[in-house]
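Dear colleague,

Please find below the structure that I am handing over to you. I would be grateful if you could look it over before reading my notes.

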Amino acid sequence: MKIYHIPCLEDNYAYLIVDEATREAAAVDPVEPEKVIRAADEAGADIKLVLTTHRHWDHAGGNNKMKQLVPAIKVCGGSLDNVEGCDTKVENGDRFSLGADVSILALHTPCHTKGHISYFVTGKSEEVPAVFTGDTLFIAGCGKFFEGTPEQMYESLCVTLGSLPRPTRVFCGHEYTEKNLRFALTVEPENEKISQKLSWAQQQRQANLPTVPSTIDEEYEINPFMRVELPEIQAKVGCHSPTEAIMEMRRMKDNWRG
């Protein structure tokens, strides 16, 4: 499978997942439909599916236009989210295929919205899998807890996504990496992996290049919200459990003006 990132709006990412054998494609959060369709045309791909991570307009707001422009398209979204244009409601554990070799697994990752879905995508056995995490997991960060609890975000990040194969590539919904890493350094100023990643991310952005993807393995090294099981991280934020720590970390990040 081949994955294309498509910058949208101010700092969003839409994605194209292409099955290379058949050129069938899925579009993840195609908020700017014309841009996504143009990318598919350039790739010689035929969009069959929309995979919506959650109902917020900057992710789902292009769905109805996609249905107009690609009449046979199927639009997937979480059963607990009121996703614009959705005709295929998905639940945790639902699987569907794309083309000859691509398999998609829906993972319920609630908290940012109650019906948020992340999509775990595998190709041929030798290919590294990918997960599209919307606004649940960012590189070195996580989404705001708009419709859920710290327990849900901990479960979504550290259990559901955290249990995926460590090499899994992480494609998130926004280019927030630099800011997230600067905050992460306030929590762990001595963490060399965070410093190195920040330096790299700054170079990428200066060259107008993306910082996606990271990997699940890398997130466990640089993402404070996925490091809350470590006693030393809990101690840094004055907490005694992962869920307490993730709640305090979110409060700190919400108030941080770095």
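The notes below begin with the chain as a whole and then turn to two helices and two single residues.

Please keep in mind that this is a predicted model.

The whole chain

The secondary structure of the chain consists of nine helices and 14 strands. Its radius of gyration is 18 Å, close to the 18 Å that the globule rule gives for 258 residues, so the chain is as compact as a globular protein of that length. Along the principal axes, the C-alpha trace spans about 55 × 40 × 35 Å. Of the 258 residues, 55% count as buried. The chain exposes about 10900 Å², and carbon and sulfur atoms supply 48% of that area. As for contacts between residues at least 6 apart in sequence, 58% of them join residues at least 24 apart.

Helix 6

Helix 6 covers residues 192-206, 15 residues in total. From its first C-alpha to its last it reaches 21 Å, close to the 21 Å expected at 1.5 Å a residue. At the start of this helix, a side-chain oxygen of N191 comes to within 3.0 Å of the backbone nitrogen of K193. After the helix comes N208, which has a positive phi, near 60°.

Which residues of helix 6 are buried? They are I194, K197, L198, A201 and Q204. Seen down the axis of helix 6, these buried residues fall within an arc of 125°, so they line one face of the helix. On the other side of helix 6, E192, Q203 and Q206 are exposed. The buried residues of helix 6 pack against helix 5 (177-187), strand 14 (214-215) and helix 7 (216-222).

Helix 5

In helix 5, the buried residues are T177, N180, L181, F183, A184 and V187. Viewed down the axis of helix 5, they fall within an arc of 160°, so they too line one face of their helix. The elements that cover them include strand 11 (137-138), strand 12 (141-142), helix 6, helix 7, helix 8 (231-236) and helix 9 (242-255).

One residue of helix 5 that I would single out is A184. A184 is buried, with a relative accessible area of 0%. Leaving aside residues up to four places away in sequence, A184 touches I194, I222 and P224. Of these contacts, I194 is one of the buried residues of helix 6. A184 and I194 are ten residues apart in sequence, and their C-alpha atoms are 7.2 Å apart in space.

H116

Where does H116 lie? H116 is found in the loop between strand 8 (102-108) and strand 9 (117-122). Is H116 buried or exposed? H116 is buried, and its relative accessible area is 0%. Not counting residues up to four places away in sequence, H116 touches T53, H54, D81, L107, H108, T109, P110, T133, G134, D135 and T136. With T136, the side chain of H116 makes a polar contact of 3.2 Å between the two side chains.

When you open the model, I suggest starting with the pairing of helix 5 and helix 6, as the buried residues of helix 6 pack against helix 5, and helix 6 is in turn among the elements covering the buried residues of helix 5. The loop that holds H116 may then be viewed separately.

With kind regards

Technical notes: Residues are numbered from 1 along each chain as its sequence is written. This is a predicted model: local features need pLDDT of at least 70, side-chain atom pairs count only at pLDDT 80 or more; totals for chains, interfaces and linings use all residues. Side-chain values use heavy atoms; hydrogens and water are left out. Helices (H or I, at least four residues) and strands (E, at least two) are DSSP runs, numbered from the N terminus. The expected span of a helix is 1.5 Å times one less than its number of residues. Buried means under 20% relative accessible area, exposed over 50%, partly exposed in between (1.4 Å probe, protein chains only). The arc is that of the directions from the helix axis to the C-beta atoms. Contact means heavy atoms within 4.5 Å. A polar contact is a pair of N or O atoms within 3.5 Å; within protein, one must be able to donate a hydrogen and the other to accept it, and residues adjacent in sequence count only if both atoms are side-chain atoms. The radius of gyration is taken over C-alpha atoms; the globule rule is 2.2 Å times the number of residues to the power 0.38. Accessible areas come from the Shrake-Rupley method with a 1.4 Å probe; for residues, only the protein chains shown count as cover.
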